[in-house]
Amino acid sequence: MIAFVLRRVLGLAATLAAASLVVFVVLEVLPGDPALVMLGTEAQPQTLALLRAEMGLDQPAPQRYLAWVAGLVRGDLGLSYTYRVPVGELVVQRLAVTLPLTVLAISLSTALAIPLGVFAAARHRRWGDSAIMAFAQMGMAIPNFWLALLLVLVFAVQLGWFSAGGFPGWSDSPGAAFKALVLPAIALALPQAAILARVTRSAVLDMMGEDFVRTARAKGLSRDAALWRHALRNALIPVLTIMGLQFSFLLAGAVIVENVFYLPGLGRLVFQAVSQRDLIVVKNVVLLLAATVVIVNFIVDLLYAAVDPRLRTGR
Amino acid sequence: MASQGLARGRAGLATGIGLVLVLVATSLLSLVWTPYPPADIDIPSRLQGPSLAHWLGTDPFGRDVASMLIVGGRNSLAIALTAVFVGLVLGVGLGAAAAASGGWFSDVIMRLADFTFAFPALLSAILITAVLGPGAINAVLAIGIFNIPVFARVTRGAALQIWGRDYILAARAAGKGGLSITVEHVLPNVAGLLIVQASLQFALAILAEAGLSYLGFGTQPPNPSWGRMLNEAQTFMRAAPLLALFPGFAIAVSVLAFNLLGDGLRDLVDPKLARMR
């Protein structure tokens with residue numbers, strides 16, 4: 001197990017290094033003069049010179065890259081050009097929205113999808129199964145930002161139960177802050193739950209045909225007991241894999257859904273930074289989002305090596 | 001029981017094919033005819049409800065919603081088609097090469113594929129837009145890049161199985177090289193699987209394009225797009241809630257069409273799966 005973890009940690013480090021290199025090359029090397037990209041061709045030469053000095057553009061690219069990575073390791077992400085505050089500070093503020101939002105969305109989607117998937121497998125080819133799978137097919141087709149708009153239309157505009165957008169902040173009233181995340185979390189969770197329910201159903205069905213389930217049934221266990229106690233536990237491995245892969249879609253979805261609800265999270269930050277051409281913020285936030293995806297998948301890898309020892313030795 | 005699953009699969013496939021044909025036909029028709037020119041602004045008739053003159057009503061600028069929807073669909077399909085094509089050509093090439101060569105080359109390709117998954121289409125789009133500015137071509141690029149590793153993985157996995165077959169051994173014994181075996185034996189045998197994957201990726205590409213254009217990173221005005229129509233509708237949600245319904249419905253139906261098509265084709269390619277359904 002230790003050798004397996006070491007190998008995966010090395011792989012993780014290499015992937016993170018490669019991701020940072022790609023982000024750096026795209027934003028700082030390919031455009032030629034990033035300061036010109038940020039300020040536009042109409043900019044005053046003095047302003048350009050000042051920004052070039054601030055970004056250290058007089059130094060060669062490899063040196064700038066190393067300085068950026070060293071800063072990342074120290075937690076120093078530089079100064080945002082538009083907000084004039086350290087990017088690290090901005091990121092921490094915005095994480096207070098994005099992190100609870102994604103956690104809430106994942107919890108909702110799992111809580112909904114796994115029971116529905118198992119129920120559909122238990123009612124295989126009966127109307128309950130058909131109904132759940134039809135809903136799943138529709139859930140997969142609905143874009144999360146449209147669902148978000150529909151939720152606003154019904155629960156904010158028509159019924160007035162929730163606000164149509166904005167975020168009151170955690171310190172003022174935690175209850176209202178949580179409430180502001182409910183509709184966005186539902187919009188993010190439902191399409192993911194549709195996919196997860198389908199995966200859970202087919203994984204459980206796969207397991208129900210396995211010998212160990214048949215043995216458990218032969219020993220006198222009821223079909224439901226065999227399903228919940230034996231099939232589901234083993235079916236969780238593919239379910240976990242898909243949840244890891246879904247995480248990247250969830251983060252991408254958060255970027256859009258935060259914009260629908262005007263939530264001041266990381267997604268809104270990076271969107272505004274792109275509109276304002278604040279490459280310093282874009283560079284750091286995009287790397288942070290990509291790194292989160294990589295790290296979550298790394299954790300999933302470790303988790304299912306813990307669940308299934310065969311995976312530790314295999315390729 | 002098995003035939004019931006198959007029958008349901010067939011019904012899904014038929015629905016998928018039907019919907020895709022309608023989408024393609026409407027898009028083609030829009031090349032020669034739309035009810036109104038989609039960019040025509042007509043302020044006096046702004047925010048009208050559905051009527052005989054404007055089937056789906058008009059938007060805040062008095063533009064005909066039905067015409068925008070039809071042309072927006074054409075743009076969406078064109079972007080999805082190009083993005084999937086880019087991913088298919090590059091991904092299949094890389095995946096087939098990885099399967100044929102094996103060893104370190106295969107490892108490098110697969111690590112690169114893993115790595116690309118860290119950048120969902122939206123993140124690539126943000127990077128590209130930050131440098132080049134928004135536009136349809138950048139959307140194609142961002143979605144296409146994300147499709148490459150998907151096709152590379154599917155191709156390599158399926159091709160490796162084919163490489164283990166007896167007839168490949170026979171072809172090798174006959175003196176054929178890696179390239180000609182790949183072209184003559186491997187690719188024709190994995191083509192079915194690739195068509196299925198292409199259909200499912202097409203659905204994802206439509207979703208991604210809609211998301212990008214909602215954020216303003218995709219198709220630019222005056223060219224209509226479903227995503228931007230939804231964005232514009234958001235401001236008028238109280239006055240004209242219908243504006244937020246039509247484009248979203250169009251996106252959902254298109255995605256559903258390609259998902260049903262993909263699922264149905266997969267059942268045909270792999271009947272074992274159909275029995276599970």
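Arg198(A) and Asp263(B) join their side chains in a salt bridge, with 2.9 Å from N to O. Welcome to a quick tour of this predicted model, starting where its chains A and B meet. The two chains bury about 4,200 Å² between them, and the count of salt bridges between chain B and chain A is 1.

**The interface between chains A and B**

- On the chain B side, 48 residues are in contact with 49 residues of chain A.
- Carbon and sulfur atoms account for 73% of the area that chain B and chain A bury between them.
- Between chain B and chain A there are 4 residue pairs in polar contact, counting pairs with both residues at pLDDT 80 or more.

**What chain B brings to the contact**

- Several helices of chain B each supply at least two residues of the side that touches chain A, among them helix 1 (2-32), helix 5 (136-163), helix 7 (178-215) and helix 10 (271-276).
- Helix 9 of chain B gives the largest share of that side, with 10 residues; this helix spans 246-269.
- By residue class, the side of chain B that touches chain A divides into 32 nonpolar, 8 polar and 8 charged residues.

**Aromatic rings**

- Over all chains, the structure holds 12 aromatic pairs.
- One aromatic cluster is formed by Phe24(A), Tyr65(A) and Trp68(A).
- For a charge over a ring, look at Lys179(A): its charged end sits over the ring of Phe162(A), 5.6 Å from the ring's centre.

Methods:
Residues are numbered from 1 along each chain as its sequence is written. Chains are lettered from A and ligands numbered from 1 in the order in which they are written. This is a predicted model: local features need pLDDT of at least 70, side-chain atom pairs count only at pLDDT 80 or more; totals for chains, interfaces and linings use all residues. Side-chain values use heavy atoms; hydrogens and water are left out. Contact means heavy atoms within 4.5 Å. Buried area is the accessible area (1.4 Å probe) that two parts lose on being put together, summed over both. A salt bridge is a side-chain nitrogen of Lys or Arg within 4 Å of a carboxyl oxygen of Asp or Glu. A polar contact is a pair of N or O atoms within 3.5 Å; within protein, one must be able to donate a hydrogen and the other to accept it, and residues adjacent in sequence count only if both atoms are side-chain atoms. Helices (H or I, at least four residues) and strands (E, at least two) are DSSP runs, numbered from the N terminus. Ala, Val, Leu, Ile, Met, Phe, Trp, Tyr, Cys and Pro count as nonpolar, Asp, Glu, Lys and Arg as charged, and the others, Gly among them, as polar. Rings of Phe, Tyr and Trp (its six-membered ring) pair if their centres lie within 6.5 Å; planes under 30 degrees apart count as stacked, over 60 as edge-to-face and the rest as tilted. A charge sits over a ring if NZ of Lys or CZ of Arg is within 6 Å of the ring centre and within 35 degrees of the ring normal.
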